[in-house]
Each structure stands twice: as structure tokens, then as C-alpha cells.
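Below are some notes for a colleague who is opening this structure for the first time. They deal with strand pairing and with the domain annotation.

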Amino acid sequence: RRQFLKSVGLGTGVLAISPWLTSCVSFTDSVSVGKFINKLPLPGEINNTSFELTASPADIELSDDITLAGFQFNGSVPGPTIRQTKGSEVDIQFNNGIGQDSIIHWHGLIVPPEMDGHPKDVIAIGSYDYRFSLNQRTGTYWYHPHPHRITGEQVYRGLAGFFIIEDEEEKALNLPRGKYELPLLIQDRKVNDNGQVVYDPSMPERMMTGFLGDTILVNGVPAPFHEVEAGTYRLRILNGSNARIYNLAFEHDLPFTVIGTDGGLLPEAIETDELLMAPGERADLLVDFSKVKNQNRVQLVSKPFDVPGGGGMMGGMQNMMGSDAPEQGGGFSLMEFRIDGASSSKSVDLPNKLSESTFPKEADANRSRPIRLAMEMMTGHTINGRQFEMERVDERVPQGDTEIWEFINNSNVPHPMHVHAVQFKVLDRSGARGLIPTETGWKDTVLVMPGETVRVIMKFDAEKGMYVFHCHNLEHEDNGMMANLEII
Ligand code: C2O
Ligand code: CU
Ligand code: CU
């Protein structure tokens, strides 16, 4: 083990030892299968347009045997679900009582620069007033802190929540509502022998992979179950993990329908039986539990998936160093749905067209920008060879321009790339993977696997000023994999 550490420190070719490593790492399912014992909590909702979000420290019991020395919004982990109507103007007072610099970012919302939670706007204590209009598509967005270098820690310790925008047009689709609509925030945490949630991203291997946990939380609790009727449910899923990617699927090959993603409903629904979700991404799904035959329960799982170029090896390395967290790409269970066969909610007739979208066209692009993603032992995680600096402007885009950004992953770990102030359309991805169902809609975060080049197209219509774009692996982001984007 010491030998291994040393070779990392010296920057020896880690790829060369990968066959040896993968052969000695055997993945064991550390997420207790068949032991779903905690009732799934559903965060409370905020429906007013004027409200406060107060962040404060708290010792939180996530379950009987797991505690978190954490932070909470308005006394809850996850934070309350903010549910608003398209077109309304919100007025939010953020009160920072956690004893660290912080600022809130509204992930996926297109708001003026001073409302966007740029890391330069952090406050150490006191309040920050937000006021902005929700002039964008209905959809599943979210909020979380955005201070430079400590975003990972603050999200990990509990600061994150849903921000849902809806309108009459969407309601007219008669998608499942009320108790048939479940927001599910998925996160992984590392729990020590004393049952305490711990965060220590400083080990070099964790800097590379990001911080991978051994315990999956859904809506803040480990090993959750939820009782459902034998009918159709709408699951609004957010991968709010710092670094872990999930390949979501149900047991018994239960298919499901993807209806939406980061920027709202897809043009058309797509049926599938697995869906890759990277940190920051959202998926809006319909699942019909009456299709589960001869069983009264079904688990939501993450199926094993391939991380090209050695990302899995990095996870394996974490295992070598005494962590029992599943490697990136390993399989495990997340939660269990218990089906009450006696009752049945009505089934859902989906229209052929779910939503209207006019995506920007390649022919209308003013320019194309290469965005090179790399990781070197000496420089850490970089974008176009540089690490984040608060005052340096990295990309200047004229307001109203349409641009193609080419995310080129030259490293051997995955990078979910997120751009503030826009929703984009994924044009294509090099290699065999192609586009997945969520990538047929509006996106603000896209997974770029090692060796891949992913091209996205977007129109910069937000207000002029300074925003950021970054990798949404929060350890990568905190380690400098972020850049300033100025709309001029
Ligand atoms: Cu969800 Cu800039 O982040
Ligand atoms: Cu964002
Ligand atoms: Cu990254």
C-alpha cells in the first residue's frame, strides 16, 4: 500500500499498473441489499414567492445509527423543495449562519449575474438578497452553495434542495401529481465505524476520482423504502452526489419512461431500462409499478457500467487504500419500492409530443470553442490548461451569440461539465456511447467520459456579466476545474 502511494506521489504512469489493480479489486456490495429499513422522507415545500433560506449547522440523525455533523437549510436535510410557477418573480433572503463563506447558486436557472451565486459574491455571515424572475421552461432545477474550494464540503454536509418550476401547460398533460410525484435526491456518503458521516477529500486518489462514499442516501436517509400503489409515478431524480455517477435501473428489468431532463420535458418520451446520471444532472421519469409481476417490491439500483480509460481503476485505487466504497462504475442498490397490489392509481396517457423546443442549429453558430479538460499530477484539474482564478476572465461571449463548445476529455476520469446562464443541446459525442435519452432535451450538465469529445450548442441570452462554468464533480471544481465566463 505504501509502495502504491509513493508511485502516485511521483506521478509514475498509473495506467501501466491498471491491469494488476483491477484484477485484485473485487467489488462487494456494501449497500445493504434487502435491508431497506428507513421510510423515505419527502422534503417540505415552499410555494410562496417571498421567503428566507437560512443555512445553519446542526447534528443530524440520518438514521438510527448514522449521524451527520452537518448544515441544513431551514432546519432540514435536504433543503425544502421550492415549487414555483413559471413567470413569477421570487424574492429570497439567504441567511448564512454556518460559519463559513457561502453563497447560493440556482442550478439550471437563468438569472442575472449578481443573482447567480458566483463564488466572488460569497458572504461570511449575514444575508444576501436574491430577486429574479422565472422566465424559463418548466423543469426540475436545484439549489446549492457555490463558494470556491468548499462547495464540495457544504453540499456534502447537507446544503442542497430541489427548485421546481411548473405551469398550466404542463399541468394539462396530466402527469402524476401529489403523492404520485416523488422528488428523489441521490447522494453517496462515507460513514466511519462510529456511524459518523465523514468527508476527507485530501487524499491524492480522492482528488483524482472525487469523493466516493460507501452509503447511498435518498432524500437524506440511508437504505430507504417507499410504499407505492400499483400504478404510474413520476420520479424527479437529482444526482446531487459530489462525484458518483449512477446507471439507474429497476430490478426485474422493469422498464421506465424518460420524460424530462435538466431543462424540462423532452420533445418526446423515451422508454428505456437504464439511464446514466452524472453529478448535477436531473431526470424526470415515469414508472408503472403495476408492470412488476409476481413481486411486491422492486429496487432502484445502479447497474455496473464501464468507465473508459481507467476511471474505474482510480476507484479501484481508492479501494486499495482502505475505502470500502464501491468503485466508480460498480453496481449496488439505492432504495426499495413496496407495491401495494390492492390499490391502483390510474395509468397515464402520454401525448406523442411532450413539449415544444426550438433548439439552436449548428448553421447558426457564431463560433466553436474547444474546452480541454485535463488532470496532471503537478497542475491538478484544469480547463484549457488553467485552474480557476477569481478575477481572470477565461471566455468572453457576446450576448445573443450562439456557440458550439467542444468538451475534450484528455484525462482518465469522467467530467460532468456544467455551464451557468444557459441551457444547451448536446450535438454529438465521439466514440461508441452516443447520446442517451436525457440528452435529447435541454441540458445544463453533460457527462464527458475519458477520451470523449462532446459538442454542445447554446445561445447566450442571459444578462451581461460574470458567470462560471465548471466540472460538477465537486472535488474537481473545488480543486480548480472551473472558469469564468463573461457575457459581453
Ligand atoms: Cu450546480 Cu455551478 O453548479
Ligand atoms: Cu449551475
Ligand atoms: Cu471533473
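1. Serine 368 stands opposite isoleucine 404 in β27. The model is a predicted one, and this pair is a convenient place to start reading it. The two strands concerned are β24, residues 367-376, and β27, residues 402-409, which run parallel and share seven bridges.

2. Both strands belong to an open sheet of five strands, ordered β25-β24-β27-β31-β29, in which the pairing is mixed. At the edges lie β25 (380-383) and β29 (425-429), each of which pairs on one side only. From one strand to the next the twist averages 20°.

3. Strand β10 (residues 161-166) pairs in the parallel sense with β5 (residues 81-85), over four bridges. Within this pairing, arginine 83 is opposite isoleucine 164 of β10.

4. Which strand pairs with β10 in the antiparallel sense? Strand β9, residues 139-145, does so over five bridges. Here tryptophan 142 has phenylalanine 162 of β10 as its bridge partner. As a general point, strands of a sheet pair through backbone hydrogen bonds, in either the parallel or the antiparallel sense.

5. On annotation, an unreviewed UniProt entry lists "domain: Plastocyanin-like" for residues 70-169, 213-292 and 375-485. Over residues 70-169 the chain is 42% strand and 8% helix, with 39 Å between the end C-alpha atoms. Over residues 213-292 the figures are 62% strand and 0% helix, and the end C-alpha atoms are 30 Å apart.

Notes. Residues numbered from 1 in each chain as written. Chains lettered and ligands numbered in written order. Predicted model: local features only at pLDDT ≥ 70, side-chain atom pairs only at ≥ 80, totals over all residues. UniProt positions renumbered as here; feature names shortened; annotations may be inferred. Pairing = 2+ DSSP bridges. Axes fitted to C-alpha atoms, helices over the stretch in contact; angles between N-to-C directions.
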